[in-house]
Structure formats: structure tokens, C-alpha cells
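Trainee: Before we go through the labels, show me what they are applied to.

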Amino acid sequence: MTHVLLLRLAGPLQSWGTGSSRFAARRDSHSRPTKSAVIGMCAAALGLPRTMGLRQPDQRQPELTRLGELARTLFGVRADHPGVPVRDYHTVGGGTYPLRPRDLITDHRRAAAVSAGTDAATGDRFGHHTLADWYGAPKKIASDPLSGALVSGEVTRSALITERWYLADATFLIGLQHEDAAFLDSVARALEHPRHLLWLGRKSCPPSGTLALKTAPGDLDTVFRTHRLLPGPDGNADPARRPWAWLQMPPSARGAMPVHDQPVSFDALRPEYTTRWEARRRVTISPDAADWKGLIP
């Protein structure tokens, strides 16, 4: 018998990254949470290290790690309130910055540029000396030919304009299907008492209210049909609406499409993902579906 851990992902803003938008000037958002993001959130709540693999190393018959058990779950998303796409005008690296004493020691170019101001300064405190664009390009570090110190390869820089997309006022019901109800309960407890901070795709998007809802017997399709829609930002939900859901399926299932978000490793230097299969379905909520009690919005 299988069980499904139900999670509620809701907040003012969400942003679920796609592989094509990573560290780019344009950061898109998927229309729904990805499996890799949700499994990563659960792993963070459990306090698992990023270097953990899916199986125990140095064993003749390697057993699955806790991350491996998480990745093995079948994943489903029900878009109770899909949200509204929002575009953010974002700049990085503009403006002026106060100089620190070590900046004058490690870079003679900066020291020469503000020498007149520092010589005229009075008092026993390092003053509010500024130098426009002193920080330079942070990712273009080079060794200075005179001092040998690591300094910015470009002394000046201009603000980088980026375009970032979010989902506003969205609410998703997430399902993680597994055979071990005790394991799912341990994940639910960790999500309500996380070891690390949690966010909905980006660090600027914290979750709101109740996160872990319950562990219910059954499969994803059954559990999604037997639980009412989650309330939206206004506290209401249309009981007659049929939301879309995306359910992880075998490749041979009717309508199954490949999705490249099955986590293999969350290593900060080399994260790895592979392909899984999912199908999109309209969900008809049962008339006697279970209601939500004690939900913190």
C-alpha cells in the first residue's frame, strides 16, 4: 500500500527556475513547482548535506540514502490557484560604495584615486570616503602586477539590468507518494521544524502558513480527487472548479511527457538531474472530499 505526503506551497511570490535561465540576465519561472525544487526543499529541512548521493558509498549492495528515498517518491502537483506571472525590473552592481581601509592597502589604484580626500580627513575614525564604481567587476578577479594582490580585473563597471519572473498569489498542492508512511511523516515533521531556511524557488520567496498538511493512504490521483481545493489568497476556493494536475507516470502511460527535473545530486558545484515522465490531468474533486482543518494561511 502506498501513502502520499501532501504539502501546501503558497506565498506572495514563487519562482521555480528552469535550466535555461540559470544565472542568466533573464530568469524565467516555471508555471508550477518542479520535482527537483521540492525534493531539495525537503532535503534542506532534513539537514542533508549537498554532497549526499542517492546511495550509500562503499557497499557491495548500496542502500538508498534518505536523499535517495526522497528522489524515489512519485511526484504530483495540483494547481489549486495557478497565480499570476509578474515581471521584476532588477539591477545588480550599481551605485557607489564606502571604501574600507583594506581596499586602500590591497589596490594602489584606489588609494591614488582618493589620496587627496584621505589626506585632508581629520579625526580618529576612517571617514566616509567613496569612489564611484570602486568595486569593479566581482567575477573578473586578477593579480595586480605591482602589488601581487588579487584585485578586480576591471576597475569600473556599470549596473547589470536583469529580468526576473515570479508567480504572484499562487497556491499549489504537492503530493509525494511512497510506500513508507513513517518516512513521509518524518519529512513532514522536518518541513515544519526545518534545519535550514526554506523558500519557494528563490531566497526572496519564503513560504507562508502551513507547509506540511498530512499523510494520506492511496496514490496521487486518488488523494488529489478526495481533498478539496486549498483556499487562495482571499481565503476562498471555488468547489466546482476542476484544477490541472501533473502526475509522475511510467514512460508507457498515456499522455506521458518527459521532464528533466529528476534530482541526482544537489552538489553546489555540479548539480545533476535526469529525466522522468509525467502526464497532465484535469482533476474532478469528489463531492464528499475531505476539507482542510487548522490550516494557517
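Mentor: Buried means under 20% relative accessible area, exposed over 50%, and partly exposed in between, with a 1.4 Å probe and protein chains only. This is a predicted model, where local features need pLDDT of at least 70 and side-chain atom pairs pLDDT 80 or more, while totals for chains, interfaces and linings use all residues. Residues are numbered from 1 along each chain as its sequence is written, and side-chain values use heavy atoms, without hydrogens and water.

Trainee: Why is Val86 called partly exposed?

Mentor: Its relative accessible area is 31%; partly exposed covers values between 20% and 50%, so the label applies to Val86.

Trainee: What makes Arg78 and Asp80 a salt bridge?

Mentor: The term requires a side-chain nitrogen of Lys or Arg within 4 Å of a carboxyl oxygen of Asp or Glu. For Arg78 and Asp80 the N to O distance is 2.6 Å, so the pair qualifies.

Trainee: Are Arg78 and Asp80 buried or exposed?

Mentor: Arg78 has a relative accessible area of 0%, and Asp80 is also at 0%. Both values are under 20%, therefore both residues are buried.

Trainee: How do you know that the length of helix H6 agrees with its residue count?

Mentor: The expected span is 1.5 Å times one less than the number of residues. For the twelve residues of H6 (181-192; a helix is a DSSP run of H or I, at least four residues, numbered from the N terminus), that gives 16 Å, and the end C-alpha atoms are 17 Å apart, which agrees.

Trainee: Which residues of H6 are buried?

Mentor: Among them are Phe183, Leu184 and Val187.

How values were computed. Helix = DSSP H or I, 4+ residues; strand = E, 2+ residues; numbered from the N terminus.
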